[in-house]
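Q: Could you show me how to read a structure of this kind, taking one feature at a time, with the general idea before the particular case?

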Amino acid sequence: MPETDPNSPALAARNILRSLHDIMASRNSPQAKLNQVVQVIGEALHSEVCSIYLLRDGALELYATRGLNQEAVHVTKLALGEGLVGKIAENVEVLNLDEAMAHPDFAYKPETGEEMFHSFAGVPIVRREAAIGVLSVQHADPRRYAEVEIEALQTTAMVLSELIAGAGLVDAAAARGLSSRDSGPQELKGLKLVDGMAMGVAVFHQPRVTVEHTVAEDTEAERHRVYSAFRKMREQIDAMAAQAEFGGSGEHQDVLDTYKMFAYDEGWSRRINEAIDSGLTAEAAIERVQQRTRMRMRQIQDPLLAERMHDLEDLSNRLLRIVSGQLGTAAQMGLRQDTILIARNLGPAELLEYDRRRLKGVILEEGSLTAHVTIVARAMGVPVLGRVPNVRRLIGEGDTLLLDVGACQVIVRPTPPMEDSFLGKLALTNKKRAEYASLRDQPAVMKNGERIKLMVNAGLRDDIGAMDIMGADGIGLFRTEFQFLVSATLPQRERQQRLYREVLDAAGEREVVFRTVDIGGDKALPYLREEDHDEENPAMGWRAIRLSLDRDGLMKAQARALIDAAAGNTLNVMFPMVSEPWEFDRARELFETQKNWVLDQGRPLPALIRYGCMLEVPALAEWLDVLLPKIDFLSIGTNDLTQFLFAADRANPRLAERYDWLSPAILRFLRRVIRASHAGDVPVSICGEMGGRRLEAMALVGMGVQRLSVTPAAVGPLKAMLRNLDPSDLGPKLDAWLDLPEHHMREKLAAYAAENGIIVD
Ligand code: PEP
Ligand code: MG
């Protein structure tokens, strides 16, 4: 619409904004400013009445009016949800009525003298996503306000929000974007991803930008800023797609596609442009359009669309951050106190950027049990609660949080008694932990005298000490790719070697099993900009051994680093995601060639190299008769194995709880592999997350597993469980149950544990 058109929403709003700009810039008191605002709006919209209600002490108070009785100012109050004004604030919605009194929610307030007015239009004054007040107009004639007038009201409301929050006229919680309903203590539920308890303040991984200035000084300059922000955002999205930095699950691909769709959406950029035409700053224009979209979305109850809007919200925030120059994540800004981090989702590398001393917990809107970010958090000893809906709306930046993942909950803004009870429980948990620690020097010997080799999964330098603290028998899985994930560039051979040497030195006599890099899947490296990373389904794509054999430079460097680091020692090395024995043969050959090369250089060799294989791809189970004679040990990676057995993406939060590790399908499969390994005299261990859970571990040991490699925090609890277990009693029973399986093995096993005094939870 051309700007000279008197009906142009831009022009109507711009005229109002020009006046508002002067009012805001004046030295008058906030009350005087609001008194002037109602005059300006009333005149501009030819309305006898214009009123501003503000949220104070939990109620909407008439704060300024033109046209209603002045005696009603600061006297008339409406509860949230009461009357038209209360409804607008509660639902954050617009009302536009030609006959206000005919509306079922109309609440008559005699002191205002409003009975003479028929038409009514009101818009919420929004701070972040919640209403902090209402701006309304009324007219004697029954007429509906035009779309352009409503637009002008909404733009005015946005400017008012800046004035009101800045002047401290409303409840503090409301000004922080929390509706009064959400400002008290709240209990939010989620999915247990990494057990633990923590208290800290809420920090958003991607801090929300607060729009400070809404009225533009120079519209052309603002337009320019938005143009270049759009350009930059599109470049970022394209780069993400090209690098598959988002790589991982198909779900991430969906998000990326949606991002792309919105980033190039003409409608979105046009609406932002129109908002700038009306006189808003670039930031305010983006926020204004976002608010409008949110309001529309509230009226549409379509979960699929809601998900899409989530993506638009993310993108809108990204655009805001670019335009305002507030680019960093919370990690880059540094954590200043005990923190509970909040994010929609995180990559493992993003999590590792945080200061481990201050990061006490993580709350995710998404997340699943075996996603690598969860595994990394577990390795870092950071509790994680996943799948908590609406965190941005319900938690404010800086809120105190009590995270109790064991209870699947977080308490937001706790009262002092809640804090006390939390701290009491925390002390009890710590006491329990101390009891486990007292088992540190005790071996994991079971009732029948048999000893289980309990090792830890590790991957970060800081994990090495966990072995000693937990009294573990070694490292059963050292995920070498973690070093690649935390580096900004590909770690050179020397750096790799240094880390491996440190690990071996710390382990001393104890066994360490190095796994060659498992890159790909949800462990994409931003610096490997290979076109090949752009995959439909990276978990089943070019990852781990597949990538290593094709790009053997990477594997050669790692082989030399491992061989040099283990000079004079035993080197245990295993290969991830082997699907057929020839892949193992090729990898072993590559190592042997590198060993000979090191020897030719006159450098000392490991005393022994033991080659192992991970069983994560179900197809390999059909090759056991061929594979077992070739290998020194087998390690079952149940995280990947179960995702492939059930065809259920391990990173997909919707499937996180669908299939049970104790389902007969998994247990029977494992039993077959364990039996074959025993028959072939090949040591077999479990290194997936399953082995770290007590009931699951009980079943595994009942099936004959003698080696478990688990997350360090699980060592103590597992030892306590194992010391009460008699596998010679459970073994035959479990066998019989699996021969005639029932859907609910979990209940059967739990009942067995309870009957036999075995602590499993
Ligand atoms: C597994 O898949 O079970 C495993 C141990 O490897 P990762 O979790 O690193 O893929
Ligand atoms: Mg795996």
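The dialogue below goes from the overall fold to salt bridges, a buried charge, backbone angles and one loop residue.

Q: What kind of model is this, and which conventions apply?
A: This is a predicted model, in which local features need pLDDT of at least 70 and side-chain atom pairs count only at pLDDT 80 or more, while totals for chains, interfaces and linings use all residues. Residues are numbered from 1 along each chain as its sequence is written, chains are lettered from A and ligands numbered from 1 in the order in which they are written, and side-chain values use heavy atoms, with hydrogens and water left out.

Q: How many helices and strands does the protein have?
A: Helices (DSSP H or I, at least four residues) and strands (E, at least two) are runs numbered from the N terminus; here the protein has 28 helices and 22 strands. The C-alpha trace spans about 95 × 55 × 45 Å along its principal axes. A contact means heavy atoms within 4.5 Å, and of the contacts with a separation of 6 or more, 69% join residues 24 or more positions apart.

Q: What share of the residues is buried?
A: Buried means under 20% relative accessible area, exposed over 50% and partly exposed in between, with a 1.4 Å probe and protein chains only; by that criterion, 57% of the 761 residues are buried.

Q: How many salt bridges does the structure hold, and what can be read from single pairs?
A: A salt bridge is a side-chain nitrogen of Lys or Arg within 4 Å of a carboxyl oxygen of Asp or Glu, and the structure holds 43 of them. One of these joins K109 to E82, with the closest N and O atoms 3.4 Å apart; K109 lies in the loop between β4 and β5 (119-127) and E82 in the loop between β3 and α3, so the pair ties together parts that are 27 residues apart in sequence. K109 is buried at 18% relative accessible area, whereas E82 is partly exposed at 29%.

Q: What separates K87 and E90 in helix α3?
A: These two residues are three apart in the helix, which means about one helical turn lies between them, and their side chains meet in a salt bridge at 3.7 Å, N to O. Salt bridges can also link up: E481, R515, D518, R543, D640 and R650 are joined in a network of them.

Q: Which side chain of opposite charge is nearest to E365?
A: Lys and Arg count as positive and Asp and Glu as negative, while His and the chain ends are not counted. E365 sits in the loop between β11 (359-364) and α13 (372-380); E365 is buried yet has no salt bridge, the nearest side chain of opposite charge being R344, 5.8 Å away. A polar atom of the E365 side chain does lie 3.2 Å from the backbone nitrogen of N390.

Q: What sign of phi do H74 and V92 have?
A: Most residues other than glycine have a negative phi. H74, in the loop between β2 (59-66) and β3 (77-79), has a positive phi of about 65 degrees although it is not a glycine. V92, in the loop between α3 (83-91) and β4 (95-97), also has a positive value, near 45 degrees. H74 is partly exposed at 34% relative accessibility, whereas V92 is buried at 9%.

Q: Which residues does Q706 touch?
A: Not counting residues up to four places away in sequence, Q706 touches E450, R451, I452, K453 and H678. Q706 lies in the loop between α25 (694-702) and β22 (707-710) and counts as partly exposed at 38% relative accessibility.

How values were computed
Polar contact = N/O pair within 3.5 Å; in protein donor to acceptor, adjacent residues only side chain to side chain.
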